[in-house]
Amino acid sequence: MKKLKFPTAQTILILIAVLVTILTWFVPAGKYDSLAYNAEKNSFTKISIGESVELPATQGTLEGLGIKIPIEKFINGDIYKPIGIPNTFKEMEAQPQGFSALVQSPIKGIIAAADIIFLILIIGGLIGIMNLTGAFNAGISWMAKVLKGREYILIIAVTTLIALGGTTFGLAEETMAFYPILIPVFLAAKYDAMVGLSCVFLGSSIGTMCSTVNPFATIIASDAAGINWTTGLNNRIIMLLLCTTITIVYILRYAKKVKADPSKSIIYDQKENIEHLFGLDSMNTNVKFTHRLRLITLVFSLSFVIMIVGVSFLDWWFVEMTSTFLVGAIIIGIIARIKESDFVDAFAKGAADLLSVAFIVGIARGVTILMEDGLISDTILFYASNITEDMHKGVFANVMLFIYGGLSFFMPSSSGMAVLTMPIFSPLADTVHIGREIIVDTYQYGMGLFHLINPTGLILAALAIVKIGFNRWLRFVIPLMLILVLATMIFLTVSVYTN
């Protein structure tokens, strides 16, 4: 009798979509009123069920709606998305999603996620061009010789640098580009693909979980909570150092075990397939890292540097990031003197290699669309906000941690979660006499911890690139996740009693 195989990422997401479709038949429909700022008219638009009303953009309007946010946060553009209005939840006529909506959800999701999907495909094309030049092989061989005996430096450096990207500007979706590049480096260093995967994914996850100046998490959440983003910053820096250290030590222990005995790898039975996937079995380790290949590698690296600078300082988003990688691919093609037909073929093949990953991102977005169309997201938020009534502050903080973890399954977007929930949840901090920065912390930590295993987040897309099953990842990461949850709960409890 053949062994049952764990389902693929696409199947897992489709099963989740089926579950969400069923939920829309049983969870009552409901919605909060929302408030949007119109910069052109310098006015607010209050959006209720079936109607919208224009209101003056004044502090008095905000106070009248029970929103404790300075008017400057809207005028300056710090809050650029519609926010939920507290105490306005209304039950609505049920909008159960049927078979037609279920079938259409992946298509709608792919359309809605077109920006990140095109980023992934263009990055795939760039990698295809790099593979054609031979720069990857030469660079990996050179790095393997330089780091020989000190390969652990690679783990510390990659995890730390990506965590810094996560905590400063929310490096997350952009890491999809790093897996095809860095996994072969870790394989050449005699580690398994799980080590490379974990350095990139966990580095990003811990960085965004412990965001310090991330405009898409800390700053927008603090603004929506009506506090300055620097409030509670010291605690977040401590958590960043603590959680990053725990994560690096965890990866190093696993990596050391695998390096000493490859059979200890969680994915040992996939070793040959993964090495073939990333070209390690046919890599020429004697290839010379010529000046031309060094220049090609420099242009490739600069593409990422320019992307980071653009996102951090120039308000770039997916269109600009994608264009940067496209231009990088063309410049590399010119330097390498690749024929036009060969360039097109290699670019198309590289993009095709990441097509399944792009589909996963789209299907995951489709799950969110099902919940929005079924009008159950706000209902879940409303009942979640009532759970914490009359709780002691220490219990309250930890319950909020798990509430945010659960909500992130339905709302994996950090900025979307912030503007939707902060105006609703942050006033709850006042009722238990703690600072609103604690709510911001529970939002970040709860989403970040569940992100490690959240199938509607980025993990399934990352696993698809490396061809590692979700069950293997769970086996690897669950012990670390439990350690981080315990550390976070202790830190939160201490914080509410000492601040």
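**Charges, cysteines and backbone turns in a predicted model**

Lys467 is partly exposed, with a relative accessible area of 45% (buried means under 20%, exposed over 50%, and partly exposed in between, with a 1.4 Å probe and protein chains only). This residue sits in the loop between helix H21 (459-466) and H22; helices (H or I, at least four residues) and strands (E, at least two) are DSSP runs numbered from the N terminus. The structure is a predicted model, in which local features need pLDDT of at least 70 and side-chain atom pairs count only at pLDDT 80 or more, while totals for chains, interfaces and linings use all residues. Residues are numbered from 1 along each chain as its sequence is written, and side-chain values use heavy atoms, leaving out hydrogens and water.

The backbone of Lys467 deserves a second look: its phi is positive, about 65 degrees, although the residue is not a glycine. Most residues other than glycine have a negative phi. Asn87 likewise has a positive phi, near 60 degrees, and is not a glycine. Asn87 is found in the loop between strand E5 (83-84) and strand E6 (90-91), where it is exposed, at 80% relative accessible area.

Turning to charge pairs, the model contains 11 salt bridges, each counted when a side-chain nitrogen of Lys or Arg comes within 4 Å of a carboxyl oxygen of Asp or Glu. One of them joins Lys259 to Glu151, with an N to O distance of 3.8 Å. Because Lys259 belongs to helix H11 (residues 233-260) and Glu151 to the loop between helix H6 (135-146) and helix H7 (152-169), this pair ties together parts that are 108 residues apart in sequence. The partners differ in their surroundings: Lys259 is partly exposed at 33% relative accessibility, whereas Glu151 is buried at 11%.

A further salt bridge connects Asp269 and Arg472 at 2.9 Å, N to O. This pair also links distant parts of the chain, since Asp269 is in the loop between H11 and helix H12 (271-277) and Arg472 is in helix H22 (residues 470-498), 203 residues apart. Asp269 is exposed, with a relative accessible area of 56%.

A local example is offered by Lys271 and Glu275, whose side chains meet in a salt bridge of 2.9 Å, N to O. Both residues lie in helix H12, four residues apart, which is about one turn of the helix. Lys271 is partly exposed at 36% relative accessibility, and Glu275 is partly exposed at 22%. Elsewhere, Lys68, Asp430 and Arg436 are linked in a network of salt bridges.

On the surface, Arg253, Lys257, Lys264 and Arg475 gather in a patch of positive charge. Such patches are made of residues with over 30% relative accessible area and no salt bridge, with like charges joined within 9 Å. Among the members, Lys257 lies in helix H11 and is partly exposed, with a relative accessible area of 42%.

Finally, how many disulfides does the model hold? The count is zero, a disulfide being a pair of cysteine sulfur atoms within 2.5 Å. Cys210 is in no disulfide, and its nearest cysteine sulfur, that of Cys243, is 4.2 Å away. For Cys199, the closest cysteine sulfur is also in Cys243, but at 16 Å it is too far for a bond. Cys199 is buried, with a relative accessible area of 0%, and Cys210 is likewise buried at 0% relative accessibility.

How values were computed:
Patch = residues over 30% accessible without salt bridge, like charges linked within 9 Å, V, L, I, M, F, W, Y side chains within 5 Å. Areas by Shrake-Rupley, 256 points an atom, 1.4 Å probe, with all protein chains shown as cover. Lys, Arg positive; Asp, Glu negative; His and termini not counted. Charge placed at Lys NZ, Arg CZ, Asp CG, Glu CD.
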